[in-house]
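Open the model in your viewer and keep the selection box handy. We will go from one stop to the next, and at each one I will say what to select and what is there.

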Amino acid sequence: MNKKIYLTLLLVSILGSIGFAQHWCGTHQTEEFMERLEANVKYANTHEVRSPDFKYIPIVFHLVADDDGVGRMNEESVFLQLCRLNELYIPVGLQFYVESFNYVNNSDMFNHVVPNVQGGMSSNRVDGVLNFYILAATHDDNVAGYYTGGLDVLVVRKSNFLEENSETSGHEIGHLLSLSHPHYGWEDEPYTPAQYGETVTITTISSSQSPTVPVEIMDDPNCTNTGDRICDTPPDYGFTQNGGNGIFTCNNPWEGIVKDRNGVLIESIPNLIMGYNACTDNYFTEGQIDAMNADYISRINSGSNQQQHFKSGYTPNLNEITEAPNLIYPSVAENVDTYNSILFDWDPVPNADSYIVVISGDADYRIQVNTDELFVSNLEPSSTYGWKVIPVNEVGYCLDLINSNLFFTGNSTSSTNEIEEVNNIQVYPNPTLGATDIKLALDIDKEVELKLSIVSVDGKSIETLGNKNIQAGNSVQTISIENFTSGVYFIKAESQTGTLVKRFVVNK
Ligand SMILES: [Zn+2]
């Protein structure tokens, strides 16, 4: 293929341009669930539950793939969504950070096969954190996600996870923090004038997601015991479900018409995160924010042996990443002579704790490093690759534009695998066959300063041995490999004049 064609391509990728998807939810707001909510509302009415500082909730993202490891949500998308989620939760005073990723290969979990999916979620869940499962499916094609109180975990379907406004994730976390739907009870048979009349006289309602619920009225004196138990969310008889025709709206089609049983016109709020609607500017009310903060407080104050316990006291790196790294080498459409030893290089950016390097095209690698360079030894000759570097920290990143370069490998193995002053380097024993040290035999032409390091097969720097001034002649360096696990490694020697890489195999 003519490489010049690529030069005309736009070398910038745009992440997260997926639009808003309508949201159905599979959370069952049981009696027990509502009791917890009522307790939180009561607590918030008698205590100061908000604080001037953010409260931080650790999340373990369970990134589930099929049995072959295929289909997993990638980490850079999680970091991007986490930042969006944090923006959604700024008014709440709660922020989330990545405690860790848990990688699960299990087709039954991935495809939501009951009951194995529950068993898998139970055995993978981690105490003290928010357990967030990203799966390919839920129990229903229409369900984007759910919170399950039994395990205190939440599930978001992969295809809904990347929503630009993080709607599904934000909604399910709202449930996890004890909020119910504002249209609680009306999920299955939402309001229509034909069914309920212009003046809604029924006093109870129920759905597959709720037990029997007292119907809320305008300015309800009993609002902590009716509807969604939150007093500043007006009655919602499922108005934005638009009569249950499967099309959500961002307005109440019967606004100005529908009245509660006292004949009072209902003034609805269509755009609540906890609703079912087609709005793009959803939010939480003050009452909902109070209930979530009360739930957070009850969680951190519960014993660490309690399923709903959140650990607290840790403040993540909150400084926002505001720029994407400038890619230095390989640069745009660079022809790289070699293929088996390429040192990727980029400018560090402020507030990044680490970088995810994505190499695409004739490969599909993602490697997370906390340096601003990455040595890669396993690319193919005469191939076309793209690469980009995504800066991340514990609270994610919100950049829409990430620089991306194409480059082309040659078929040479030597040109950067050479140092002018070095005649030869040998590693022995290789393979190590149980040895606890390796020897590096150097044959040096003239005095040279070498920076020595050991790199793993996926390019991570395992150990830096520092700069060593090596005299001309033959010498031997001894390097301990006691803490190394079995596998392939590289010794990398760098000088002013080049880089030299030797492969060795540790077998214990
Ligand atoms: Zn819901």
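## First stop: helix H2

Select Phe-33, Leu-37, Asn-40, Val-41 and Ala-44: these are the buried residues of helix H2. They cover an arc of only 100° around the axis, so they sit on the same side of H2.

Please keep in mind that this is a predicted model.

Now widen the selection to residues 31-46, which is the whole of H2. The helix has 16 residues, and from its first C-alpha to its last it reaches 23 Å, close to the 22 Å expected at 1.5 Å a residue. Turn to the face that points away from the buried side and colour Glu-31, Glu-32, Glu-35 and Thr-46, the exposed residues carried there.

What do the buried residues of H2 pack against? Their partner is helix H9, residues 286-301, which is where we go next.

## Second stop: helix H9

Select 286-301. H9 has 16 residues and reaches 23 Å between its first and last C-alpha, close to the expected 22 Å.

Is H9 largely enclosed or largely open? It is largely enclosed by the rest of the structure, because 12 of its 16 residues are buried. To see them, pick Gly-287, Gln-288, Ile-289, Asp-290, Ala-291, Met-292, Asn-293, Ala-294, Asp-295, Tyr-296, Ile-297 and Arg-299.

Next, show what covers these buried residues: the cover includes H2, strand E2 (55-65), strand E3 (94-105) and helix H7 (167-176).

## Third stop: Ile-342

Jump to Ile-342, which lies in strand E11, residues 342-346. This residue counts as buried because it has 26 C-beta neighbours inside 10 Å, where 20 or more are needed.

Which residues touch Ile-342, once its neighbours within four places in sequence are left aside? Select Pro-330, Val-336, Val-376 and Leu-379 to see these contacts. For one of them, Val-376, try the distance tool: its C-alpha atom is separated from that of Ile-342 by 5.3 Å, although the two residues are 34 apart along the chain.

## Fourth stop: a sheet of three strands

Move on to the open sheet with the order E17-E18-E21, whose pairing is antiparallel. Select strand E17 (422-428) and strand E21 (473-480), which stand at its edges. Each has a single partner strand, so one side of each is left without a neighbour in the sheet. Neighbouring strands here are turned by 20° against each other on average, direction ignored.

Add strand E18, residues 437-444, and follow the 8 bridges along which E18 and E21 pair in the antiparallel sense. A handy place to zoom in is Ile-444, which stands opposite Gly-473 in E21.

## Fifth stop: a sheet of four strands

Another open sheet, with antiparallel pairing, is formed by 4 strands in the order E20-E19-E22-E23. Which strands are at its edges? They are strand E20 (461-470) and strand E23 (498-506), each pairing on one side only. From one strand to the next, the twist averages 20°.

Walk across this sheet one pair at a time:

- Select strand E19 (residues 448-456) with E20: 8 bridges join these antiparallel strands, and Ser-453 stands opposite Thr-464 in E20.
- Keep E19 and add E22: the two pair in the antiparallel sense over 6 bridges, and Val-455 has Phe-490 in E22 as its bridge partner.
- Finish with strand E22 (residues 487-495) and E23: 9 bridges join this antiparallel pair, with Gly-487 opposite Val-506 in E23.

## Last stop: the whole model

Zoom out and show the full C-alpha trace, which spans about 100 × 55 × 45 Å along its principal axes. The protein has 9 helices and 23 strands, and buried residues make up 40% of its 508 residues. Of the contacts between residues at least 6 apart in sequence, 70% join residues at least 24 apart.

Now colour by pLDDT. The mean for the protein is 88, and 94% of the residues reach 70 or more. Where does pLDDT stay under 50? Select residues 1-21 to find that stretch, for which the model has 35 contacts beyond four places in sequence. Where pLDDT is low, the predicted coordinates should not be read in detail.

Key. Residues are numbered from 1 along each chain as its sequence is written. This is a predicted model: local features need pLDDT of at least 70, side-chain atom pairs count only at pLDDT 80 or more; totals for chains, interfaces and linings use all residues. Two residues are in contact if their C-beta atoms, placed from the backbone, lie within 7 Å. Two strands pair if DSSP finds at least two bridges between them. Axes are lines fitted to C-alpha atoms, for helices over the stretch in contact, and angles run from 0 to 180 degrees between N-to-C directions. The expected span of a helix is 1.5 Å times one less than its number of residues. The arc is that of the directions from the helix axis to the C-beta atoms. pLDDT is the predictor's confidence in each residue, from 0 to 100.
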